[in-house]
Amino acid sequence: MRIGYARVSTDAQETHLQLDALKRAKCRRIYQEKASGATADRPELMRLLDNARQGDVVIVWKLDRLARSLRQLIDTTMLLNERGVELHSLTENINTTTPTGKLTFHLFAALAEFERDLLRQRVNAGLQAARRRGRVGGRPKALTTDDLKKARALLRSGDYTKIQVAQELEVSRHTLWRALAQEATP
C-alpha cells in the first residue's frame, strides 16, 4: 500500500500542496499533522509508523517533512527498512530500496541539515546585532515602571490586596506577582 505523510510546522501553514502531490502519487492513506519537525510528539507520524507493514511504501513530499535532523531522518528510515517498508520522497525523487537511492538520501539529508544550521546561525547573528543596537525582541512588558510604582504604593497603603491591585492595573495576579518578584531580585 502507498501511504502518504504530510506535515507543516505551524497552524498558519497548510498542507494543500503536499496533499495534492501525495494524491497524484496514488497514496491510499494519508497521514497529516501540524507539528514542528523538531518535536518528538508527532502522533500522526507515530500512527503511520505503527500501521506501516512489509511491502508498503511511505511517500513524503520532501524529506524535511519527515524529520528535522539527519539523525532523526536516518533513524526513521532505518525503522522503515527493518519493517520492509520503502521510503519515497517526491521532491528529491529518492527511493531508499536501491543503493543509489540510499546514497542520494544520505547526501540530501546532510545538505538539508547543513542548510538548517546555516539558517539558525544567520538568525542568531541577526538577533545579536539587533541587541547590540539596543533592540530587544519578544513581547512587550505588561506593566510599565509607572505601573509598578503605583502597585507598590497601593500595596504599601494596606488598603489593597495583590489581587485588587492586579485588577486595578488590568493584569492577572500572576503577571503582577512575577513583575514584583523580578523587580525585587537584583
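A salt bridge, as I use the term here, is a side-chain nitrogen of Lys or Arg within 4 Å of a carboxyl oxygen of Asp or Glu. I'm working from a predicted model.

**Entry 1: salt bridges**

I started with the charged pairs. Side chains of opposite charge can pair when their charged atoms come close. How many salt bridges does the structure hold? I get five, and I looked up three of them, including one that links two helices.

That one joins the side chains of Glu168 and Lys150, with 3.3 Å from N to O. Glu168 sits in helix H7 (residues 162-169) and Lys150 in helix H6 (residues 145-157), so this pair ties together parts that are 18 residues apart in sequence. Are its two partners buried or exposed? Neither label fits: Glu168 is partly exposed at 41% relative accessible area, and Lys150 is partly exposed too, at 36%.

Next I went to Arg47 and Glu44, whose side chains meet in a salt bridge at 2.1 Å, N to O. Both lie in helix H2 (residues 43-51), three residues apart, which is about one turn of the helix. That spacing made me recall a rule: an α-helix has 3.6 residues a turn, so residues three or four places apart point the same way. I also noted that Arg47 is partly exposed, with a relative accessible area of 41%.

Then I checked Arg120 and Asp117, where the salt bridge comes to 2.8 Å, N to O. Here the helix is H5 (residues 99-132), and the two residues are again three apart, about one turn. Arg120 counts as partly exposed at 48% relative accessibility, and Asp117 does as well, at 33%.

**Entry 2: pockets**

Now for the empty space. Rolling a probe the size of a water molecule over the atoms shows where empty space is left.

What is the volume of the largest pocket? It's about 280 Å³. I listed the lining residues, among them Arg139, Pro140, Leu148, Thr175, Arg178 and Glu183. Which helix gives the most to this lining? Helix H8 (residues 173-184) does, with five residues. Sorted by class, the lining of the largest pocket has five nonpolar, two polar and four charged residues.

The second largest pocket holds about 240 Å³ of space. Its lining includes Lys62, Asp64, Arg68, Phe108, Glu115 and Arg122. H5 turned up again here: the largest share of this lining, seven residues, comes from H5. Helix H3 (63-66) is also on the list, as H3 and H5 each supply at least two lining residues. By class I find five nonpolar, no polar and seven charged residues around the second largest pocket.

**Entry 3: back to H7**

I wanted another look at the helix that carries Glu168. Which residues of H7 are buried? I noted Val165, Ala166 and Leu169. Seen down the axis of H7, these buried residues fall within an arc of 100°, so they line one face of the helix. Just after H7 comes Glu170, and its phi is positive, about 60°.

**Entry 4: positive phi elsewhere**

That phi value sent me looking at other backbone angles. Most residues other than glycine have a negative phi, and most peptide bonds are trans.

Lys26 is not a glycine, yet its phi is positive, about 65°. Where is Lys26 found? I located it in the loop between helix H1 (16-24) and strand E2 (29-34). Lys26 counts as exposed, with 64% relative accessibility; the cut-off for that label is over 50%.

Asn93 isn't a glycine either, and its phi is positive at about 55°. I placed Asn93 in the loop between strand E4 (86-89) and strand E5 (94-95). Asn93 counts as exposed, at 70% relative accessibility.

**Entry 5: one long span**

Last, I picked Arg131, which lies in helix H5. Buried or exposed: which is Arg131? At 53% relative accessibility, Arg131 counts as exposed. I then set Arg131 against Arg47, from the salt bridge with Glu44. Arg131 and Arg47 are 84 residues apart in sequence and 43 Å apart in space, C-alpha to C-alpha.

Technical notes. Residues numbered from 1 in each chain as written. Predicted model: local features only at pLDDT ≥ 70, side-chain atom pairs only at ≥ 80, totals over all residues. Heavy atoms only, no water. Helix = DSSP H or I, 4+ residues; strand = E, 2+ residues; numbered from the N terminus. Buried < 20%, exposed > 50% of the residue type's maximum accessible area, 1.4 Å probe, protein only. 1 Å grid on protein atoms, 1.4 Å probe; cavity = no way out; pocket = protein on both sides within 12 Å on 5 of 7 lines; lining within 4 Å. Points joined across faces, edges and corners; volume = space filled by probe spheres on them. Nonpolar A, V, L, I, M, F, W, Y, C, P; charged D, E, K, R; others polar. Arc of directions from axis to C-beta.
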